[in-house]
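I record here what I looked up in this structure, entry by entry.

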2 protein chains.
Amino acid sequence: MQFFLNGFRPGDPRITAAPGAAQTPEGSECLPEQVDVLIVGSGPTGLTLAAQLAAFPGVETVIVEQKAGPLQMGQADGIACRTMEMFEAFGFSERVLKESYWVNETSFWKPDDACPENIVRSRVIQDVEDGISEFPHVILNQARVHDFFLELMRHSPASLEPHYSRRLIDLQCDTSSVLNPSAYPLTARFEHVEGPKAGTVEEIRARYVVGCDGARSAVRPFIHRPLEGSSSGQAWGVMDVLALTNFPDIRRKTAIHSASSGSLLIIPREGGYLVRLYIELDQLAGGQRAAELQVTVDQLIARARKILYPYSLEVKEIAWWSVYEIGQRLCARFDDLAGRGESDSFPRCFIAGDACHTHSPKAGQGMNVSMQDAFNLGWKLAAVILGRATPGLLRTYSDERYSVARELIDFDEKFAQMFGAQPAESGTVDGNAVDLAEFQIFFQRQGRFTAGVATRYGTSTIVGPGSHQHLAQGFTVGMRLHSAPVVRMSDARPVHLGHTVRADGRWRIFAFADTESPTARSSRLWALCDYLERSPDSPVRLYTPVGSDIDSVIEVIAICQQAHGEVSIEDLPPLLIPRKGRYGLIDYEKMFCPDIKHGIDIFNSRGIDRKRGALVIVRPDQHVAHILPLDEYGELGAFFAAFMK
Amino acid sequence: MQFFLNGFRPGDPRITAAPGAAQTPEGSECLPEQVDVLIVGSGPTGLTLAAQLAAFPGVETVIVEQKAGPLQMGQADGIACRTMEMFEAFGFSERVLKESYWVNETSFWKPDDACPENIVRSRVIQDVEDGISEFPHVILNQARVHDFFLELMRHSPASLEPHYSRRLIDLQCDTSSVLNPSAYPLTARFEHVEGPKAGTVEEIRARYVVGCDGARSAVRPFIHRPLEGSSSGQAWGVMDVLALTNFPDIRRKTAIHSASSGSLLIIPREGGYLVRLYIELDQLAGGQRAAELQVTVDQLIARARKILYPYSLEVKEIAWWSVYEIGQRLCARFDDLAGRGESDSFPRCFIAGDACHTHSPKAGQGMNVSMQDAFNLGWKLAAVILGRATPGLLRTYSDERYSVARELIDFDEKFAQMFGAQPAESGTVDGNAVDLAEFQIFFQRQGRFTAGVATRYGTSTIVGPGSHQHLAQGFTVGMRLHSAPVVRMSDARPVHLGHTVRADGRWRIFAFADTESPTARSSRLWALCDYLERSPDSPVRLYTPVGSDIDSVIEVIAICQQAHGEVSIEDLPPLLIPRKGRYGLIDYEKMFCPDIKHGIDIFNSRGIDRKRGALVIVRPDQHVAHILPLDEYGELGAFFAAFMK
């Protein structure tokens with residue numbers, strides 16, 4: 001955490017909003033006339049996007065919500081490792097770590113061979129493979145995630161609060177100005193849904209609109225992107241309960257296949273007592289909706305007790321429950337682009353999260369993938385609005401996130417089918433049954449996918465071809481930067497290198513030095529830093545506005561092979577001890593070293609070429625954009641020139 | 001973190017105050033007529049005490065402060081490892097970890113042999129020895145520590161806010177009722193120091209008064225305990241600055257002895273830019289006060305520049321500065337007891353923190369030792385007021401904390417003398433000079449002391465004799481429980497065993513099992529749990545009020561030698577899966593295991609007798625009270641009977 005650069009100020013350093021900076025002060029009654037970005041919906045997707053945009057005082061954002069206020073009780077609760085990494089970038093991972101349940105193991109239960117009406121434990125496996133993330137897989141009420149985002153938005157440079165109780169009733173696009181990046185071609189109309197203003201309509205113009213308004217999105221119809229797919233015809237119940245049971249794995253994530261009563265998934269919840277149960281219900285008849293089953297909560301409990309037999313279940317309090325049907329649906333694109341084929345066209349309206357992909361909740365993917373949609377889009381919108389990038393950058397959002405959603409849908413179909421099928425022993429499986437051993441193997445093999453760390457964006461203007469991948473084998477081009485521990489040189493603090501990537505819209509160039517000391521003027525690292533600092537072709541110089549700190553658009557971070565005590569900080573290239581802020585103070589947090597004392601060497605763990613070093617270019621959303629040799633200035637410049645202004 | 005035991009509730013689980021529970025609501029205009037505990041002073045000592053007492057809705061507490069509002073800018077900034085452990089118990093260690101500067105190394109500089117007007121680095125050492133605490137030594141503005149305590153008090157079951165702008169003008173004790181534990185023998189009078197009520201006097205009666213009001217304590221004179229000691233006659237300056245320098249160790253804690261310009265201590269501060277400098281000034285003439293030197297901040301800067309030569313120092317902003325003289329002063333007792341010799345007497349009025357011991361700030365001990373004073377006293381006051389313990393328990397406060405303060409004063413005299421003396425090379429030291437090698441050795445050797453983990457309370461009613469110390473060699477009787485990593489059995493979560501000890505006034509019995517499985521009814525652990533749960537002599541039964549949860553006064557926690565997957569939780573002794581709260585839900589967080597997978601075995605690291613096991617009894621302030629064999633029920637009962645009711 002860095003603060004006080006421009007002077008000491010008492011109080012909470014997390015509060016960076018200037019007094020009076022609020023773009024949408026709490027209790028504000030009216031929407032502004034026009035904004036840069038209009039976000040519809042304040043679920044996890046909308047809040048992630050708003051929190052990202054709130055980091056930029058130069059971006060005017062409004063977030064509108066149909067409900068009357070913040071969520072109290074959430075549906076989603078699974079937080080994947082990858083999402084925790086993003087929360088770290090937003091600055092509240094430690095709060096989630098503290099409050100949440102940690103999913104360390106998953107237990108599988110099946111019918112007892114000797115007495116099939118009883119269930120028996122079949123296997124316990126580690127939930128998340130060692131080393132795939134520095135964060136655990138955790139469970140926390142979605143409403144708390146909202147709280148953290150809302151607090152962050154409030155305290156950010158562009159202080160933001162949602163405008164509640166407003167329903168989108170119309171969205172129009174002025175096609176005559178749609179190719180003019182500075183125009184406000186979109187006009188949205190909202191109706192107050194309750195309170196003294198109920199029925200009143202407000203109009204707002206926007207440069208960009210993002211529909212984060214869920215599966216029944218009001219934005220989606222206006223861009224003519226139907227959610228396509230089907231229902232599996234399988235109904236499920238879900239309930240969060242305080243219950244007394246003698247089932248021994250009640251504090252473990254547990255998948256139970258019973259012989260004839262269906263399946264049950266147990267998700268222990270935060271606080272030590274609450275637990276979520278997903279309960280398999282009946283097949284729906286053709287065209288029937290889950291709501292038509294008119295399942296009561298007592299029926300849910302009765303079914304859960306049957307599946308758990310011979311264990312008892314005494315439900316003491318039901319915090320929340322619901323009945324739903326499984327389906328997988330997807331939009332063909334996540335923006336309004338297809339209708340305008342011009343080569344210089346760019347999208348103006350986007351949809352994200354459940355508005356463009358829906359699936360079953362049991363693998364805990366929905367909220368996580370949706371937040372990553374927003375994390376992908378947020379920095380792009382900011383870069384274009386701030387004039388740092390060309391509007392074409394916005395095309396990459398749908399391209400990148402559609403393929404992630406497609407993979408998710410495919411995974412979910414398979415997972416839901418296996419989870420809902422009759423159990424069978426190996427070798428006796430017919431078309432409708434699931435081989436339990438195979439189910440467990442599938443679950444394990446998909447671990448990286450469900451942890452959210454398997455996402456890999458394809459080659460594009462912002463993802464390089466990977467031709468230099470061998471220089472840093474542990475940082476896969478297109479995938480998120482897989483963090484590893486290092487030591488900060490100036491103060492010997494053990495830190496995670498990936499945690500330098502904050503959700504601040506900045507690009508990072510990680511320069512992994514070759515064997516030569518970073519203080520040697522003959523070294524390739526010194527030459528690189530000198531180039532980046534002084535050459536007129538340097539992307540750091542080209543894209544950093546005059547008067548801004550040298551690291552404000554592209555931050556250069558170096559990692560040397562020497563232990564931190566072996567390098568004289570005063571002899572580093574000036575770019576690595578840059579002077580910043582109103583006082584020209586030195587930022588001493590650009591240079592990192594392996595943790596030699598504890599035998600933790602990032603050059604080993606991430607496969608960096610020790611002889612040649614490597615440049616690892618990381619996007620604002622933490623994905624590895626490009627890997628280059630340390631002295632490949634031409635390619636470095638060309639990469640940024642393709643989309644930066 | 002446990003919550004939802006008595007029902008789901010949305011919102012921040014840290015907020016445990018019931019609506020309307022506030023004993024001293026914000027902006028409250030008047031002091032109540034009478035309280036259980038009156039705390040004078042809202043510095044770190046008073047706030048630690050208030051935060052501890054706020055955990056008990058049955059204890060009425062008022063905290064009064066002379067200043068007009070919360071501190072904005074603190075003097076103290078060093079937070080020892082032991083204090084971090086206490087912050088963990090209070091529930092905000094992760095916030096301090098996040099915001100603070102971590103002191104990982106200490107660097108020593110001395111005059112250059114070849115050119116003595118220049119300083120050169122002599123040595124860099126690790127600041128805190130490996131393994132002495134799971135927390136680092138950190139630096140954070142004292143005002144932020146206040147903020148965390150104030151927030152905690154506000155959100156605690158007995159919601160508390162300080163009453164500001166009130167000066168203690170009188171304190172009387174009614175000696176006729178002083179031996180009656182339920183009486184309110186103390187009467188304090190406060191005068192409003194500013195605002196519309198300036199000059200108005202309020203009166204409040206209290207059962208106990210604690211003076212946490214600093215070196216110029218207003219409480220202290222009323223109990224006739226002078227601060228005794230002397231000034232060293234050495235003046236020092238201190239300033240928190242944003243500065244530009246080419247001194248390479250500006251982000252390391254650094255002690256500099258210059259050849260002829262004096263000494264300088266550099267304490268890097270939170271946020272990456274701020275730094276604190278302690279600057280040696282002149283010797284004071286006999287009887288002269290530091291204030292009489294009329295040192296200006298420009299003079300401080302000039303002196304710092306001289307010491308740092310040949311390095312530059314350009315001060316850009318001064319956040320705070322002060323000039324002080326070093327002295328070591330101590331009160332003979334920290335309560336009002338000595339005047340009343342009756343064997344059934346007990347103290348009514350206490351002093352804590354700087355009110356009873358003052359010394360130099362450079363070893364960063366003052367705030368830390370002061371907060372531990374309060375942590376020692378808080379649970380004792382609560383136990384007596386709630387009728388759980390006999391009032392005689394309160395005698396132990398002064399006994400225990402005086403000896404800690406005595407050690408501190410002795411350490412500080414030596415440290416301050418060495419730090420302020422002229423540097424000399426080994427073998428050439430005369431009476432007034434310091435051998436720099438010796439200084440560095442002294443600094444290292446005292447590491448455990450300055451980390452706060454060397455405190456060892458002597459044998460008393462609440463500290464056993466240590467005759468069974470060999471059963472658990474790593475948990476020294478009288479010292480704080482030295483935490484170690486374990487795995488929670490029910491959910492395989494890696495946790496620190498010591499973090500089960502929250503600042504909630506509860507005693508803990510840690511039962512380390514012998515080699516037998518904890519599920520074997522023949523085992524000594526099972527027998528112990530059975531005894532504690534069912535015997536009429538069991539201290540757990542004797543001291544737990546009817547209708548309260550079984551773990552509400554004494555919590556029993558067990559640690560077995562088996563890996564967590566090898567034990568069936570459903571077969572544990574019922575005391576280890578107790579039913580609690582309004583619903584009788586099971587608490588699954590009493591049983592822990594070694595982290596076999598990672599080779600971390602607490603039985604090894606803390607020297608537990610594997611063959612015999614051990615009972616480790618831990619006080620509410622985390623100090624080890626007693627170690628016993630697993631089956632020594634008689635001594636166990638006798639220990640608690642000596643002070644519990």
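**Interface of chains A and B**

I began with one cross-chain pair: the side chains of B:E94 and A:K98 form a salt bridge, with N to O at 3.1 Å. I note that the model is a predicted one. Across the interface of chain A and chain B, I found four salt bridges by the rule. I also counted 20 residue pairs in polar contact between the two chains, both residues at pLDDT 80 or more.

I then listed which elements of chain A give two or more residues to the side that touches chain B: α3 (93-99), β4 (101-103), α4 (142-155), β11 (228-245), β15 (313-330), β24 (579-580) and β25 (585-586). The largest share, five residues, comes from α3(A). By class, I obtained 28 nonpolar, 18 polar and 24 charged residues on this side of chain A.

For the extent of the interface, I found 70 residues of chain A in contact with 70 residues of chain B. The two chains bury about 5,900 Å² between them, 56% of it on carbon and sulfur atoms. Which three residues supply more of the area that chain A buries against chain B than any other three? I identified A:F8, A:K98 and A:Y273, which supply 14% of that area.

**A sheet in chain A**

I traced an open, antiparallel sheet of three strands in chain A, in the order β3-β7-β4. β3 (78-79) and β4 of chain A are at the edges with a single partner strand each, so one side of each has no neighbour in the sheet. I followed the antiparallel pairing of β4(A) with β7 (residues 137-139) of chain A over three bridges. In this sheet region, A:V103 stands opposite A:H137 in β7(A).

**A helix in chain B**

I looked up helix α10 (residues 524-534) of chain B and listed its buried residues as B:L525, B:W526, B:L528, B:C529, B:Y531 and B:L532. I found these residues packed against β22 (507-512), α11 (539-543), β23 (554-559), β27 (614-618) and α13 (633-641) of chain B.

**Backbone exceptions**

I checked the backbone because most residues other than glycine have a negative phi, and most peptide bonds are trans. A cis peptide bond joins A:Y309 and A:P310, with omega about 15 degrees. A:P310 lies in the loop between α5 (297-308) and β15 of chain A. In chain B, I found a cis bond between B:Y309 and B:P310, with omega about 15 degrees.

B:A492 is not a glycine, yet has a positive phi of about 60 degrees. I placed B:A492 in the loop between β20 (485-488) and β21 (494-496) of chain B. Is B:A492 buried or exposed? At 9% relative accessibility, B:A492 counts as buried.

Definitions and conventions:
Residues numbered from 1 in each chain as written. Chains lettered and ligands numbered in written order. Heavy atoms only, no water. Contact = heavy atoms within 4.5 Å. Buried area = accessible area lost by both parts, 1.4 Å probe. Polar contact = N/O pair within 3.5 Å; in protein donor to acceptor, adjacent residues only side chain to side chain. Helix = DSSP H or I, 4+ residues; strand = E, 2+ residues; numbered from the N terminus. Nonpolar A, V, L, I, M, F, W, Y, C, P; charged D, E, K, R; others polar. Buried < 20%, exposed > 50% of the residue type's maximum accessible area, 1.4 Å probe, protein only. Pairing = 2+ DSSP bridges.
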